[in-house]
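User: I am new to this structure and would like to know how its descriptions are justified. Could you take me through them?

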Amino acid sequence: MQMRALVTGASAGLGAEFARQLAADGFSLVLVARDADRLRALADELPVETEVLPADLTSDAGLELAAARLGDASRPVDVLVNNAGFAVAEPFHASVIEDERRMHELLSWVPLRLAHAALPGMRARGRGGILNVASLAGRLPSGSYAAAKSQVITLSRALNARYHRDGVTVTALLPGFVPTEFHDRMGVSPDVVPRAGWSDASTVVRDGLHALRRRRGVVVSDWRYRLAAPLIPLVPDRVIAGVGLGGRIGR
Ligand SMILES: NC(=O)c1ccc[n+]([C@@H]2O[C@H](COP(=O)([O-])OP(=O)(O)OC[C@H]3O[C@@H](n4cnc5c(N)ncnc54)[C@H](OP(=O)(O)O)[C@@H]3O)[C@@H](O)[C@H]2O)c1
């Protein structure tokens with residue numbers, strides 16, 4: 001049976017890598033992001049049937065376009081990867097509130113809306129997977145980006161616990177630092193993260209898809225971050241709030 005996956009934020013970084021690995025697993029694809037040219041270029045490269053769905057997910061029209069595609073029972077989507085995201089670079093007291101709203105929506109409301117659109121069909125078919133790309137930051141009191149990521153972690157755990165019995169898995173993927181366009185787009189130099197702190201995108205994506213197949217609610221990607229994660233609650237909030245990307249997130 002032909003399986004299909006919809007990936008948000010597929011024009012770059014982790015999303016493009018999700019598309020490549022899912023295509024290698026034989027999935028047909030629906031690629032969502034704002035940059036239609038980059039989506040088409042990726043679709044041309046992939047050896048599977050690929051739809052391109054350009055959409056700004058922070059606009060009502062763009063979000064409802066993606067939601068409608070997920071609800072289309074004639075072309076079912078078996079796996080939804082909620083991956084699109086960006087971070088506001090400025091410290092909270094100095095950021096532009098409209099940027100905060102767009103970030104919060106893209107990281108928290110958009111995954112909820114799209115999961116809500118995908119779930120009924122998945123339940124009716126008795127199978128499906130939703131992979132929410134969160135962040136290890138979602139376990140840290142380190143700013144509004146972290147706060148939005150913590151919401152999607154909680155949502156994933158709650159939905160996985162509730163819909164597991166219906167054959168639907170919802171997994172939150174928690175990467176550490178990954179070299180993508182993310183930090184460039186924030187205007188943060190990658191040099192603020194020591195080389196040993198980076199996980200490669202292919203490992204992060206493989207860990208996420210593996211956890212989804214294993215029906216897990218949450219996975220921390222990369223063995224180094226898995227080792228470090230249990231120590232996080234031992235670190236005082238004020239210490240955590242003082243670190244981050246050169247002090248830019250959560251300052
Ligand atoms: N890189 C890291 O260190 C890291 C660590 C932990 C978690 N994450 C999370 O991983 C996910 C992927 O990020 P990445 O590292 O791959 O960053 P990236 O290379 O900057 O890619 C971000 C993707 O999101 C899309 N996007 C941004 N705004 C959008 C919008 N309004 N509507 C639709 N698509 C939008 C971008 O495409 P367009 O510009 O074409 O719209 C792009 O495809 C994010 O949720 C991020 O928070 C990243």
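Analyst: Of the 31 residues around the ligand, Ser11, Arg34, Tyr145, Thr180 and Arg185 come nearest, where a residue is near a molecule if one of its heavy atoms lies within 4 Å of it. This is a predicted model, in which local features need pLDDT of at least 70 and side-chain atom pairs count only at pLDDT 80 or more, while totals for chains, interfaces and linings use all residues. Residues are numbered from 1 along each chain as its sequence is written, and side-chain values use heavy atoms, with hydrogens and water left out.

User: What makes the pair between the ligand and the side chain of Arg34 a polar contact?

Analyst: A polar contact is a pair of N or O atoms within 3.5 Å, and an N or O atom in the Arg34 side chain is 2.7 Å from an oxygen atom of the ligand, so the pair meets that definition. A polar backbone atom of Asp35 also lies 3.0 Å from a ligand oxygen atom.

User: Why are α3 and α4 called roughly parallel?

Analyst: Two packed helices are described by the angle between their axes and the distance between the axes. Helix α3 (residues 60-70) and helix α4 (residues 97-125) pack at about 30°, with axes 8 Å apart. Angles under 35 degrees count as roughly parallel, and α3 and α4 are therefore described in that way.

User: Which helix supplies the largest share of the shell around the ligand?

Analyst: That helix is α6, with three residues.

Conventions
Polar contact = N/O pair within 3.5 Å; in protein donor to acceptor, adjacent residues only side chain to side chain. Helix = DSSP H or I, 4+ residues; strand = E, 2+ residues; numbered from the N terminus. Axes fitted to C-alpha atoms, helices over the stretch in contact; angles between N-to-C directions. Parallel < 35°, antiparallel > 145°, perpendicular 65-115°, else oblique.
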